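Let's take a walk through this structure together, one region at a time. Keep the 3D view open and turn it as you read.

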Amino acid sequence: MLYEKAPAKINLTLDVLHKRDDGFHEVEMIMTTVDLADRVWLRPTHDGRITIKVSERYVPNDRKNLAYQAADLLKRKYGIYEGVEITLDKKIPVAAGLAGGSSDAAATLRGLNRLWHLGLSAEELAKIGAKIGSDVSFCVHGGTALAKGRGEMIQHLPAPPNCWVILAKPAISVSTADIYRNLDVSSVQHPDTEGMLQALKNGDYEKMCASLGNVLEPITMNIHPQVIDLKEKMERFGADAVLMSGSGPTVFGFVRQEARVSRIYNGLKGFCKEVHAVRMTGERFLLD
Ligand SMILES: C[C@](O)(CO)[C@H](O)COP(=O)(O)OP(=O)(O)OC[C@H]1O[C@@H](n2ccc(N)nc2=O)[C@H](O)[C@@H]1O
Ligand SMILES: Nc1ncnc2c1ncn2[C@@H]1O[C@H](COP(=O)(O)OP(=O)(O)OP(=O)(O)O)[C@@H](O)[C@H]1O
């Protein structure tokens, strides 16, 4: 039995440059991993099958599961006869904008690379991962990165300055495809990606807070006003800066002062079931 950690990501910036001919959007976004992680166990079996065990009600346990797709891709590509039982212990909220499914798929790729002795590099795994979803390539590497293209072109960046991150997910589900579909590319307010790159390079907390931006935020807020409400509450409770992650609906807030963390956490817990206080790990997966 082999274990892999599958951490969530947040978007420090998310910009859309244009809509491509293949229907996807050309993005430019800065992502970083946080220490809220699913746990993935891989057990070799002799029946040649891929099986998924997961207790979360809303997570599929068949080929719709992104971890299944990851195993299936590797198995076919490298002609593996062995089977594998994949057990997912979900800690990352589902359909939250935190790349939970993508990270499970990425962890499965890293784990099966070890279990099946494939000897693939992180770059090779990330390329395979891109076939499953746009966020999988980043999740294979983890850490902090600028992602371009559909999300699969990765440039590594320094870890963000140290602070607390409060994550809060309203009890609604958001379809990423719907949000992109509702985006009018000609009218987006582009975030300050350059400012964020400088903030990371210089370890500048204030500049990081000032440079947060996500072009999908107003789209999701328009459809789900609960996200506006949550962002306002987090700001009022004392977060230094607040933004929606990915296509939402999770909202995250940065806080440096320890005393404020519990105030914000407890304040939000009153009306939001899924609240977490985490750190940005900056931890990158280096494969040998
Ligand atoms: C919102 C983000 O999570 C930010 O990190 C990603 O851009 C989306 O990543 P993801 O959920 O892995 O996305 P995918 O599963 O590849 O695509 C879901 C849907 O989102 C839309 N999509 C996604 C990525 C992209 N660059 N342009 C798009 O238009 C497409 O309609 C696609 O059918
Ligand atoms: N391993 C998995 N964990 C969670 N959901 C999964 C998984 N595999 C497939 N899914 C499906 O994917 C949908 C989106 O879940 P996920 O948690 O990956 O969304 P997300 O955090 O919004 O992802 P992203 O930020 O990449 O857009 C779920 O509703 C579920 O049906």
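Start with ligand 2: domain 1 (2–156) and domain 2 (164–279) both give residues to its shell, so ligand 2 lies between them. The domain bounds here come from an automatic or database domain assignment.

Before going further, a word on what you're looking at. This is a predicted model, in which local features need pLDDT of at least 70 and side-chain atom pairs count only at pLDDT 80 or more, while totals for chains, interfaces and linings use all residues. Residues are numbered from 1 along each chain as its sequence is written, and chains are lettered from A and ligands numbered from 1 in the order in which they are written.

Back to ligand 2. Around it sit 22 residues, of which Ala99, Gly100, Gly101, Asp104 and Asp135 come nearest; a residue counts as near a molecule or strand if its C-beta atom, placed from the backbone, lies within 6 Å of it. Two elements, α1 (66–77) and α2 (100–115), give two or more residues to this shell. The largest share is from α2, with four residues. (Helices, H or I with at least four residues, and strands, E with at least two, are DSSP runs numbered from the N terminus.) Sorted by class, the shell around ligand 2 holds eleven nonpolar, eight polar and three charged residues. For that sorting, Ala, Val, Leu, Ile, Met, Phe, Trp, Tyr, Cys and Pro are nonpolar, Asp, Glu, Lys and Arg are charged, and the others, Gly among them, are polar.

Just before α2, have a look at the loop between β4 (83–89) and α2, where you'll find Ala95. Its phi is near 50°, a positive value in a residue other than glycine. Why point that out? Most residues other than glycine have a negative phi, and most peptide bonds are trans.

Now, where does ligand 1 lie? Domain 1 and domain 2 both give residues to its shell, so ligand 1 lies between them. There are 18 residues around ligand 1, and His25, Gly133, Ser134, Asp135 and Gly246 come nearest. β1 (2–19), β2 (25–45) and α5 (176–181) each supply at least two residues of that shell. By class, it has seven nonpolar, nine polar and two charged residues.

Next, the two domains themselves. The protein is divided into domain 1 (2–156) and domain 2 (164–279), and their centres, taken over C-alpha atoms, are 23 Å apart. The contact between them takes 22 residues from domain 1 and 32 residues from domain 2, where two residues are in contact if their C-beta atoms, placed from the backbone, lie within 7 Å. On the side of domain 1 that touches domain 2, β1 and β2 each supply at least two residues, and β1 gives the most, with nine residues. That side has twelve nonpolar, six polar and four charged residues.

UniProt has something to add here. Its unreviewed entry places "domain: GHMP kinase N-terminal" at residues 65–143 and "domain: GHMP kinase C-terminal" at residues 196–272. UniProt positions are given in the numbering used here, feature names are shortened, and annotations may be inferred rather than shown by experiment. In the model, residues 65–143 are 53% helix and 9% strand, with their end C-alpha atoms 24 Å apart. For residues 196–272, the figures are 56% helix and 14% strand, and the end C-alpha atoms lie 29 Å apart.

Last stop: an open sheet of four strands in the order β9-β10-β7-β11, with antiparallel pairing. Two strands pair if DSSP finds at least two bridges between them. β9 (241–244) and β11 (274–279) stand at the edges, each with a single partner strand, so one side of each is left without a neighbour in the sheet. Six bridges join β7 (residues 164–169) to β11, and Leu167 has His276 as its bridge partner in β11. β9 and β10 are joined by four bridges, with Met244 partnered by Val251 in β10.

Finish at the hairpin of β9 and β10, which has six residues between the strands; there Gly246 takes a positive phi near 55°. Pro249 is in the loop between β9 and β10 too, and a cis peptide bond joins Gly248 and Pro249, with omega about 5°.
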